[in-house]
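Here are a few short exercises to work through with the model open beside you. Try each one yourself before reading the solution.

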Amino acid sequence: MFSDEEEETKRVVRSQKDKRFDELSNVIKQLKNHKKIKDMAKCLTEFENLGKAFTKAKAVVDKEGIPPFFIRALSELEDFVKENWEDAEGRKKLSKINARALATLRQKLRKYSKDFEDDIEKYRENPVQSGESEVEDSEVDNVLYSIESEDDSDDDFAPRPESFKKKGAQTRKAAKTVCSYEEDDSDDSIDWGSSDESSSEESSEDEKLPQELHASMFLKKAKSDGSKPEKKKKKTPKIREKDEDSEGWTEVKGITEKAKHLFPKDTEITVPVVLKKLHEILSARGKKGTDRTDQIEFLMELRKVAEEAKLGEAMTVKLMFNIISSIFDYNPNVATCMKADMWQQYRLKAISELIAILENNSGIFVGEHVMEENETFDMKENQQRIRGCVLSVIERMDNEFTKMLQGCDCHSTEYVERLKDEKTVTDIIKRLQAYLEKNGTREELCRIYLRRIEHIYYKMVQKDKEKQDVEKEKQDNEKESEEKKSEDEDSKNTMDFLCKYIYSKDTSDRIRTRAMMCHVYHHALHNRWFAARDLMLMSHLQETIQHSDILTQILYNRTMVQLGLCAFRHGMIKDAHNALHDVQSSGRAKELLAQGLMQQRQFERTPEQEKIEKRRQVPFHMHINLELLECVYLTSAMLLEIPFMAAHAYDHRRRVISKSFHYQLRQSDKQTLVGPPESMREHVVAASKAMKTGDWRKCKDYILAVKVWKLFSCADQVKEMLTRKIQEESLRTYLFTYNSVYDSLSLHTLAEMFDLPPSVVHSTISKMIINEELQASWDEPTQTVVMHRGAEPTLVQNLALQLADKVGNLVENNERIYETKHGGF
């Protein structure tokens with residue numbers, strides 16, 4: 001005879017399948033709990049446990065097939081990992097442990113899910129919502145079937161009534177755990193009910209006995225158990241309702257029904273009724289629990305009702321302003337952009353319709369200073385007044401468009417698709433410009449002109465060669481070629497008209513400053529060097545730009561860089577170096593031009609600072625190539641620095657023109673073995689070393705081997721200019737280096753050596769003599785340069801002078817230290 005305690009601990013006989021599937025379901029429950037609190041480290045641990053449990057159940061799985069709740073768990077985990085990985089802001093808030101765990105989990109899940117790709121795809125096509133609840137049903141059924149199996153076994157193992165009661169208690173405990181799990185997860189509680197129907201249809205006569213036992217066991221607690229399902233019945237209809245025709249589940253939204261019926265039947269639609277309903281809808285704006293999508297649908301439906309009642313275009317304009325503002329409010333986060341479908345379907349369409357209504361109805365006056373009490377909707381009046389500002393709507397639309405470009409991956413097709421909307425945005429701005437030229441004030445015109453300028457100034461017009469190619473193709477394209485010929489003039493004339501109006505009419509300093517810099521940028525981009533330089537010098541922006549806002553400073557940096565590139569294309573090497581020096585010498589060109597963020601060694605940015613700086617970034621299609629910029633700067637520095645170094649080789653304190661260029665030279669000198677140049681910087685350094693010795697051909701080959709020169713629209717002209725400059729500067733360097741070796745030099749010999757016309761060699765040497773850089777004179781009959789040795793110190797004399805300077809400095813320092821210690825004067 002066994003005691004009661006021994007009978008309580010008696011094991012229930014369960015199959016291998018039940019044990020393994022039960023173990024899998026327990027791990028999945030733990031994984032779900034950790035997902036709710038976003039504990040990535042625990043999620044990773046439970047995922048590894050899930051893999052181990054599945055490996056243990058391999059024999060059962062091979063026989064029975066992969067359980068659906070396991071595929072469901074993998075699919076949900078994939079969605080969970082993908083959602084958290086794409087949330088860049090959320091990832092930054094994670095701790096280091098959780099962030100590392102998320103990356104590891106993503107990698108392991110990808111590798112693990114490859115074996116179940118087909119099953120996961122089938123699940124996603126037709127999701128089995130009751131995957132986990134079926135397993136939980138089986139936990140109770142397993143206990144009941146175990147009792148049935150014990151009844152069918154030998155009499156020695158037949159249970160006594162006491163043990164039968166205890167087993168009934170065990171089944172009640174199992175049922176309670178399932179009920180508690182249902183209360184925790186509403187989705188599974190719904191799935192629980194559907195699984196009973198499917199299982200009851202497949203039940204046979206042998207399964208009727210466990211159902212009768214189930215009813216008798218739960219008879220004592222019928223009252224307490226009955227109360228819980230009643231609560232669930234009240235809750236579930238609010239969340240979901242079953243669609244009898246379809247197998248799936250559909251969400252119930254009571255608000256959509258209200259959107260269809262804004263007014264009761266037989267209500268007379270008048271202006272006061274519509275305004276009252278509008279105020280009711282707007283009163284819910286910003287409140288907790290308000291669905292922004294439903295609010296947009298409300299307003300769209302209200303507009304349809306007003307148009308059907310023929311309340312006039314003024315009422316339509318009033319509702320359109322509110323629809324557009326609700327679309328703006330759809331995305332409350334300032335740091336992120338709105339979705340593409342909302343942008344395309346609602347915003348651009350709504351704004352275009354609004355401008356069309358205003359263009360076709362000259363009697364409607366729209367102004368931000370009109371009070372709501374003074375609004376007029378009477379169609380009989382000549383002028384109807386509506387509160388609103390179309391210009392503010394367009395400005396916000398333009399800012400949102402820039403934000404969308406910032407939010408896209410610049411190398412993806414999505415960026416190209418969004419960039420196609422710029423034509424629509426520009427057309428809307430043009431239409432508003434034409435409307436404001438008739439009805440707007442000077443301030444509004446200046447603001448819309450600036451928006452138009454900011455969409456024009458960075459665009460390059462095609463060159464004449466391409467236009468000539470188009471002319472040669474076909475006679476049918478003659479009109480197109482003529483239009484292209486006038487594009488450069490049109491953009492120039494448009495910029496001149498818009499900017500000059502702002503110069504004369506604008507009262508705010510910021511709009512005039514930005515317009516002037518855009519004007520300079522446009523001149524420089526189209527190789528109008530002297531116009532761009534004169535306008536920049538007349539503006540005196542260099543003196544006041546540090547007091548401007550950060551976006552204006554970024555535009556100033558972009559303008560100076562474009563000015564430097566224009567000067568370089570025209571052969572103004574010194575001007576190009578001066579324009580590029582401030583941006584390039586700092587080593588933060590990428591950040592100063594707002595083309596990306598750089599890692600800071602001294603301090604780390606806070607998440608808020610990083611968000612602000614990302615909002616200032618320039619869209620990718622407006623970027624200036626940083627490698628081209630650095631190449632132009634280093635080449636300009638080489639053409640200035642190498643002759644200067646040769647002329648002042650023995651100076652004690654030599655002036656440095658470009659620190660970054662000297663840094664590249666020092667880095668090259670430190671290398672024990674210098675191979676052939678590969679990068680752009682190595683090419684410039686190798687060219688500099690060749691120029692030092694006067695070998696201009698090697699210098700030219702190294703410089704022209706750099707591929708970035710192709711990025712210039714006039715690449716051939718730039719290469720010709722570079723070749724000429726290298727020849728001239730190599731001649732100067734040769735004369736500075738070897739003038740002490742020669743008594744005289746023939747003009748024709750130098751011309752042949754550097755492949756220059758004699759007139760260019762004569763003018764170059766004459767400039768050096770006039771500027772007292774070379775102690776020499778011309779012998780005109782023999783066409784030679786005669787060197788004068790008396791004025792220049794020899795090498796030994798130069799070294800002696802340097803030693804005397806250093807000794808003098810040492811004596812002064814010692815005397816100063818002595819005086820500070822002993823108090824002498």
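**Exercise 1.** In the loop between which helices is the place of Asp 506? Then describe its surroundings.

*Solution.* Keep in mind that this is a predicted model.
Step 1: Go to the loop that runs between helix H24 (478-505) and helix H25 (509-525); Asp 506 sits there.
Step 2: Check accessibility. Asp 506 has a relative accessible area of 11%, and because buried means under 20%, the residue counts as buried.
Step 3: Look for polar partners. The side chain of Asp 506 makes a polar contact of 3.1 Å with the side chain of Ser 508, and it also reaches the backbone nitrogen of Arg 512 at 3.4 Å.
Step 4: List the neighbours. Leaving out residues up to four places away in sequence, Asp 506 touches Cys 446, Tyr 501, Ile 511 and Arg 512.

**Exercise 2.** Which residues have the most contacts inside the largest nonpolar core? Find what surrounds one of them.

*Solution.*
Step 1: The largest nonpolar core holds 153 residues, and Phe 568 and Trp 709 have the most contacts inside it.
Step 2: Ask which helix gives the most to this core: helix H32 (residues 626-647), with 12 residues.
Step 3: Pick Trp 709. Beyond its neighbours within four places in sequence, its contacts include Phe 568, Cys 631, Val 632, Leu 704 and Leu 722.
Step 4: Now look for another core. One of 30 residues lies apart, and Cys 43, Phe 80, Leu 109 and Phe 116 are among its members.
Step 5: Check Cys 43, which is buried at 0% relative accessibility.

**Exercise 3.** How many disulfides does the count come to?

*Solution.*
Step 1: Recall that a disulfide is a covalent bond between the sulfur atoms of two cysteines.
Step 2: Apply the cut-off, a pair of cysteine sulfur atoms within 2.5 Å.
Step 3: The count comes to zero disulfides.

**Exercise 4.** How many salt bridges does the count come to? Compare the settings of a few.

*Solution.*
Step 1: The count is 33 salt bridges.
Step 2: Take Lys 58 and Asp 62, whose closest N and O atoms are 3.3 Å apart. Both lie in helix H4 (residues 58-64), four residues apart, about one turn of the helix. Lys 58 is partly exposed at 43%, whereas Asp 62 is exposed at 56%.
Step 3: Turn to Glu 610 and Lys 614, which meet at 3.8 Å, N to O. They are four residues apart in helix H31 (residues 607-615), so about one helical turn separates them. Glu 610 is partly exposed at 22%, and Lys 614 is partly exposed at 41%.
Step 4: Finish with a network: Arg 20, Glu 23 and Lys 56 are joined by salt bridges that share partners.

Key. Residues numbered from 1 in each chain as written. Predicted model: local features only at pLDDT ≥ 70, side-chain atom pairs only at ≥ 80, totals over all residues. Heavy atoms only, no water. Buried < 20%, exposed > 50% of the residue type's maximum accessible area, 1.4 Å probe, protein only. Helix = DSSP H or I, 4+ residues; strand = E, 2+ residues; numbered from the N terminus. Polar contact = N/O pair within 3.5 Å; in protein donor to acceptor, adjacent residues only side chain to side chain. Contact = heavy atoms within 4.5 Å. Core = buried A, V, L, I, M, F, W, Y, C linked by side-chain atoms within 4.5 Å. Salt bridge = Lys/Arg side-chain N within 4 Å of Asp/Glu carboxyl O.
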